[in-house]
Amino acid sequence: MYRKIVLLLLLTGSCFFKSWSQSDTFIKGTLLDSLTSEPLAFASIKIETKAQNGLTKGDVADERGAFRFVGLKEDKYIIRVEYIGYKAKVIEVNYDRNSQKLDLGAISLSPLSQLLETVTVTGLKPNAVTTLEKQVFKADQFEVAKGGTATDVLRNIPSVMVNAEGEIMVRGSKGFLVLVNGKPSQVDAATLLAQIPANTIERVEMITAPSAKYDADGKAGIINIVPKSGTNDGFSLTSNLQYGLPRIKAYDNAAEPQRYGIDATMTYRKNKWETSVSLNYLKNDIAGRRVGDVNTTVDNIFTSFPSEGERSFKRENYGLRAMATYHPTKVDELSAGVYLGEKHQYRLADIYYNNTKTNLLTGKNVGKAAYFNSNLVMKSGAFRVFNLDYSHNFKNRSSLSFSGLYENAVLDGYTKNRNLNKNDFSDTLQYTLNTSVNPLNALRLKIDYEKSIGIGKLTVGYQYRYQTQEGSFAYLEKSGNNQPFVLNPTFSATIAVMNRIHGVYAQYAGTYKKMEFSSGLRYENAFRQFQDDKGTPPNELKLSNLFPSVNLLYNVGKDFRLKAAYSRRVQRSTNNELNPYPEREHSETLEQGDPKIRPEFIGIYEAGLTKDFKKASIYWNVYTQQIKDIVNRVNSVYNDTILNRIYTNAGKARLWGSEIGITYSPVKKLKLFAGANVYNLKINGSLFDKSVAVNSQGWVYSVNANFSYQISTTWSTQFNLSYLSARNTAQGEDSRFYQPNFSLKKGFLNSKVNLTVQWQNAAIGKMNVNQQRITTFGKNFYTTTNYIQETNIFLFNLSYNFSQTDKKVKLPNSEFGEREF
């Protein structure tokens, strides 16, 4: 079996193995800003033969501003460099036998004079840059996110939406893979992104049709977070202080929300060494309420239990990341890192319920009860991550790299669900306590080899992932104040989950005339085992799958490009979604997983175009996802006052969509950035052993708009609006959701110190900002809940930047543990 797989991968690469005699010849250089010496990432470079005046090749600089043309014949060439906001540069080169390995060195581009005020660059660069595999967004252009987290940065990016529950969606899908500095991470996206300070992020890369070199996980693609780092030599410091004013609107919560934080990144580089240390602490509470209504029908008894009360969050996280890199020679690099972090979250729902029971046969009221429910959910995680990386560059333009990561995490929590006498909270009517302790150990090993061949680069690699998690879950119940807790053995267990994945891939990428391309194939052999202490046989899942990918980018000319891509992906379930033992998530809700749940397999197809103008740029993409075994969280009736919420496969789904992003600068100080996404999601299948048919279809759209105005050299302001329309689910609908945000920034000491005032979730009058209604229904139940989150939050951020940065730091990050958190 493995021989066939290896042969298949070799055949994939061999399609591109034809070597040109010119493969060891090249012209290369690095593009820099003439004022700041910062690299101009993803600038456009064209090379033409002078005699014919015809385009020979086109390229895009990488994140460090570097470019390289290979396989050139002896001739006289004209190199044209273009970047929005900068003067174009033309370089003539006489390329002969004596200069077949020509390094042009640093090429400086000057900002356009009309975009300058004295020596301060206030030019408005494009919000998005498109390359072969990704769209790149600079993080520092989103002032409304300063002092927040990576989640706040993502709110500004088209096709990314964050709903009232903090769930992040990309093109309508909650499943996507998070990378940090290009390192794969299988973490829960919302948890991970909330741990990364916004002002430490250099840029966000959206990879919607990933190539074979990436992990196959993530049905909506990949989000790569690239942090800032240190200078070429010496010491640098970036820090931020945040303080939030007390809440403005009363939500009748038991405690006042607290908001404050601090983060700092320190780097030092000298000779062969580079070190970096990053610290962060964030306290980010939010007040709120919920208003709901639920009804069930069991044996001709209609039970209705409307509710209203507090729903607030207390959130705290802190962490330390450290890295050291050593270059023993010019061709060797050794780096090591550590991440130590903790996060704690308390969700309090103090709700008043009014229950009534009606006999549907007689129409008479047969029961009535009113009570107070206090539901407190605590989640806690402690993460310890260690990584080691080594790379070597050979003289034949090839490289070999090894990396390893080990993680230990302790995840625990509880849910305290108490039904109390509404007139006397000391009188306990019923008490359910869920506790969990869920330690995790994980290991990742990876080896990659790259070699320049012909007009491109061949990359092959192997990856090994191994994860074990043993959890102890207890479901305790008692009735009355003086009664002891009694363990419910049906809902309690000790479980063990093991995941093991072997992956190999081959990929060839390069440039031919006006075409950039990459094509690859990935093979993964996966094994999953779920086991409990009930004596039942282990539940095992064995998978053997191929994941092909193709990416094409055609340079039509005059800053106009066309692209097309295909990628096959997989969305694996978290261990929480596999756990079949229920937790009392709310008074009216039990939540459980399914150890037999199957992963989703997705085929992504997309095509698009980009066009740059003098004062504007635009990109437009159309895409589709063909999803097999889509996973949904669905409800059924457990008893007359409790619904059972379960993760399960709901059949097949088809998603068609289109997205557009426009950057426009009508005058030199104003920049408008608007992005929109619209898609149609159709789900066909069944639930609960085909007892309930699923046939859901609907249109969904979202808009992200960003307006920036440079008032003067030291004053600027920004407005942002995120809007998500109503969207269909397997059993109902989620209502529309929107958030307006404002910011005002003042710079001091040549912008080394900046003070920013933010107005988040801005609501005037009766605007229903930061609210979302979730509705589900079936043949014998109906539930709807309106989640009302805090509005008009005012924050002050004080930032200090000691030196500019231009090189990525590969800080370690929790890969497995935060996903389960």
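**Figure 1. Asp 252, an exposed loop residue with positive phi.** Asp 252 counts as exposed, because its relative accessibility is 63%. In this predicted model, the residue is located in the loop that runs between β18 (234-244) and β19 (259-270). Its phi is positive, about 55 degrees, although Asp 252 is not a glycine.

**Figure 2. Ser 751, in the loop between β46 and β47****.** Ser 751 is a residue other than glycine with a positive phi, near 70 degrees. Its relative accessible area is 36%, so Ser 751 is classed as partly exposed. The strands on either side of this loop, β46 and β47, return in the next view, where each supplies one ring of an aromatic pair.

**Figure 3. The stacked pair of Phe 742 and Trp 759****.** The structure holds 21 aromatic pairs. One of them joins Phe 742 and Trp 759, with 5.4 Å from centre to centre and 25 degrees between the planes. Phe 742 belongs to strand β46 (residues 737-748) and Trp 759 to strand β47 (residues 753-760), so the pair ties together parts that lie 17 residues apart in sequence. Phe 742 is partly exposed, at 33% relative accessibility. Trp 759 is also partly exposed, at 24%; the cut-off for buried is under 20%, so this value does not qualify.

**Figure 4. An aromatic cluster of Phe 707, Phe 719, Phe 742, Trp 759 and Phe 794****.** These residues form one cluster. Among them are Phe 742 and Trp 759, the stacked pair of the preceding view.

**Figure 5. Two lysines over aromatic rings****.** Lys 416 lies over the face of Tyr 414, and the distance to the ring centre is 4.8 Å. In the second case, Lys 611 places its charged end over the ring of Phe 613, at 5.4 Å from the centre of that ring.

**Figure 6. Model confidence and two stretches with pLDDT below 50****.** The average pLDDT of the protein is 85, and 88% of the residues score at least 70. Residues 1-23 have a pLDDT below 50; in the model this stretch has 30 contacts beyond near neighbours in sequence. Residues 805-809 also have a pLDDT below 50, and that stretch has 27 contacts beyond near neighbours in sequence.

How values were computed:
Residues numbered from 1 in each chain as written. Predicted model: local features only at pLDDT ≥ 70, side-chain atom pairs only at ≥ 80, totals over all residues. Heavy atoms only, no water. Phe/Tyr/Trp six-rings, centres within 6.5 Å; stacked < 30°, edge-to-face > 60°. Helix = DSSP H or I, 4+ residues; strand = E, 2+ residues; numbered from the N terminus. Buried < 20%, exposed > 50% of the residue type's maximum accessible area, 1.4 Å probe, protein only. Lys NZ or Arg CZ within 6 Å of the ring centre and 35° of its normal. pLDDT = per-residue confidence, 0-100. Contact = heavy atoms within 4.5 Å.
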